[in-house]
Structure formats: structure tokens, C-alpha cells
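Work through the exercises below with the sequence and the 3D view open. Try each task before you read its solution.

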Amino acid sequence: EDNCPRLENADQSDRDRDLIGDLCDLCPDLSNLGGTPCPFSILDIRSPDSTNRPILGDTVRIERAVVTALQTTRDNSYAFYIQEPGAPDWGGMLVFTRDELPADNDGVALSPGDIVQIDGPYTDFNGIAQIGLPTSVVRLESGPAPLPRILSIADLGEPTEGLFVRID
């Protein structure tokens, strides 16, 4: 009956009444009954100013991200890039699919401009935050391919990692 068997929580508090104790719940104020992943923005995950960052290995949900680029040759592994609409600093990230071409849950290939919801583990590869081996990719809508954010070489750095950019 313990709602948080990993951690001691004598009071068994569960503010959102989803049967997951607050100390074990990534989103204690939002019901995720049945273990549905908690929603996080890319900024939540990547920004150093984030106060809502998941722990490495936690399964997260990223809602309404824009697909910007696809890695569809098997040289290393398959993957695709997503970013927050408007491409703010810290707003881009890789979704690593390893042996699977980037596609939605129905097996339809993704395209730049697709708006997707992704569930998967938040992982780190050589210091780069990513969603590793997503468990769900839902295409919410399709749109035009995004325009790159125009930067100078001096603007490049960790905040722009994973963003679709053009260097001027």
C-alpha cells in the first residue's frame, strides 16, 4: 500500500490523488494516474535556470515540439531533432532512435515541421541532454518546415545546442 516505496514518506501525501506519493511523483500537482509520463518542456530539461528538471533516467513527456531535422542514414544511429516553437536558447534537443528511422507511433516517417508529443527517458550522452529511445511519438499536426535561427559563429555554444540554425 506504500505510495512511494523508494523513499520514506510516513504521511503518504499525494496532492494530485494519482496514487503516486508526492516524494516519488515527478509532477505532484498534476495527476498522472497509471504512470503516464509527466510533461516537461525542453527548456525545463536543458536550461541551467530550470527549477523543474527531471532526474536522468526519468521518463518524461515533451508536448508540442517542432521536428527540425532528421538523421536518416545508418552511419552512426538514427535520430531526429526537436525544438521549442520560436527556438529560444536552451530550446533544442536530440531524440535518439538508434535502429529505428524517425517515425510516429503509426510508423509514418517524421518530417521537419511536424508538431509532436514524445514520451521517453531523459538521458545524457557525452554531456548532451537527449530523449533516448522514445516509447511514444505522436504526430499532433504537420506544418511547414521551420526556418533556421540566424546566428554568428560567436553565438554558438551550449545554449544553441540542438537548435536549427544558419550561420551568417
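The model is predicted. Keep that in mind throughout.

**Exercise 1. Backbone sign at one strand residue**

Task: Find the sign of phi at R98, and state where R98 lies and how exposed R98 is.

Solution.
- Step 1: Read the angle. Phi of R98 is positive, about 50 degrees, and R98 is not a glycine.
- Step 2: Set this against the general trend. Most residues other than glycine have a negative phi.
- Step 3: Place the residue. R98 belongs to strand β4.
- Step 4: Judge exposure. The relative accessible area of R98 is 38%, so R98 is partly exposed.

**Exercise 2. The segment before β1**

Task: Describe Q12 and E1 by location and by accessibility.

Solution.
- Step 1: Locate Q12. It sits in the segment before β1 (38-39).
- Step 2: Check its backbone. Phi of Q12 is near 55 degrees, a positive value in a residue other than glycine.
- Step 3: Classify Q12. Its relative accessibility is 30%, so Q12 is partly exposed.
- Step 4: Turn to E1. E1 is also placed in the segment before β1.
- Step 5: Classify E1. Exposed means over 50% relative accessible area. E1 reaches 99% relative accessibility, so E1 is exposed.
- Step 6: Find a partner in space. The C-alpha atoms of E1 and L19 are 9.5 Å apart, with their positions 18 residues apart along the chain.

**Exercise 3. Overall build**

Task: Count the helices and strands, give their order, and decide how compact the protein is.

Solution.
- Step 1: Count. The protein has one helix and nine strands.
- Step 2: Order them. Along the sequence the pattern is β-α-β-β-β-β-β-β-β-β.
- Step 3: Compare radii. The radius of gyration is 17 Å, close to the 15 Å from the globule rule for 168 residues, so the protein is as compact as a globular protein of that length.
- Step 4: Box it. Along the principal axes, the C-alpha atoms fill roughly 55 × 40 × 30 Å.
- Step 5: Look at burial. Of the 168 residues, 42% are buried.
- Step 6: Look at the surface. About 9400 Å² is exposed, and carbon and sulfur atoms supply 52% of it.
- Step 7: Look at contact range. Among contacts with a separation of 6 or more, 47% join residues 24 or more positions apart.

**Exercise 4. The nonpolar core**

Task: Which residues of the largest nonpolar core touch the most other members?

Solution.
- Step 1: Recall the trend. In soluble globular proteins, nonpolar side chains tend to be buried together.
- Step 2: Name the hubs. The largest nonpolar core has 20 residues, and I45, I62, F80, I82, M93, V116 and I118 touch the most other members.
- Step 3: Trace the sources. Two or more core residues come from each of α1 (42-46), β2 (59-71), β3 (78-83), β4 (92-98), β5 (115-125) and β6 (128-132).
- Step 4: Find the main contributor. β2 gives the largest share, four residues.
- Step 5: Follow one hub. Beyond its neighbours within four places in sequence, I62 contacts F40, I42, I45, I82, M93, V116, Q117, I118 and I131.

**Exercise 5. Salt bridges**

Task: How many salt bridges are there, and which parts of the chain do R61–D119, E141–R64 and D89–R149 link?

Solution.
- Step 1: Count. There are seven salt bridges.
- Step 2: Take R61 and D119. Their side chains meet at 2.7 Å, N to O. The pair joins strand β2 (R61) to strand β5 (D119), 58 residues apart. R61 and D119 are both buried.
- Step 3: Take E141 and R64. Their closest N and O atoms are 2.7 Å apart. E141 lies in strand β7 (residues 136-141) and R64 in strand β2, so the bridge ties parts 77 residues apart in sequence. E141 has 39% relative accessibility, so E141 is partly exposed. R64 has 42%, so R64 is partly exposed.
- Step 4: Take D89 and R149. Again the closest N and O atoms are 2.7 Å apart. D89 is in the loop between β3 and β4, and R149 is in strand β8 (residues 149-151), 60 residues away.
- Step 5: Look for a network. Salt bridges link D104, D114 and R139.

**Exercise 6. A surface patch**

Task: Which residues form a nonpolar patch on the surface?

Solution.
- Step 1: Name them. I153, L156 and I167 form the patch, with about 290 Å² of accessible area together.
- Step 2: Place one member. I167 lies in strand β9 (residues 165-167).
- Step 3: Classify I167. Its relative accessibility is 38%, so I167 is partly exposed.

Note on methods. Residues numbered from 1 in each chain as written. Predicted model: local features only at pLDDT ≥ 70, side-chain atom pairs only at ≥ 80, totals over all residues. Heavy atoms only, no water. Patch = residues over 30% accessible without salt bridge, like charges linked within 9 Å, V, L, I, M, F, W, Y side chains within 5 Å. Areas by Shrake-Rupley, 256 points an atom, 1.4 Å probe, with all protein chains shown as cover. Salt bridge = Lys/Arg side-chain N within 4 Å of Asp/Glu carboxyl O. Buried < 20%, exposed > 50% of the residue type's maximum accessible area, 1.4 Å probe, protein only. Core = buried A, V, L, I, M, F, W, Y, C linked by side-chain atoms within 4.5 Å. Contact = heavy atoms within 4.5 Å. Rg over C-alpha atoms; globule rule 2.2 N^0.38 Å.
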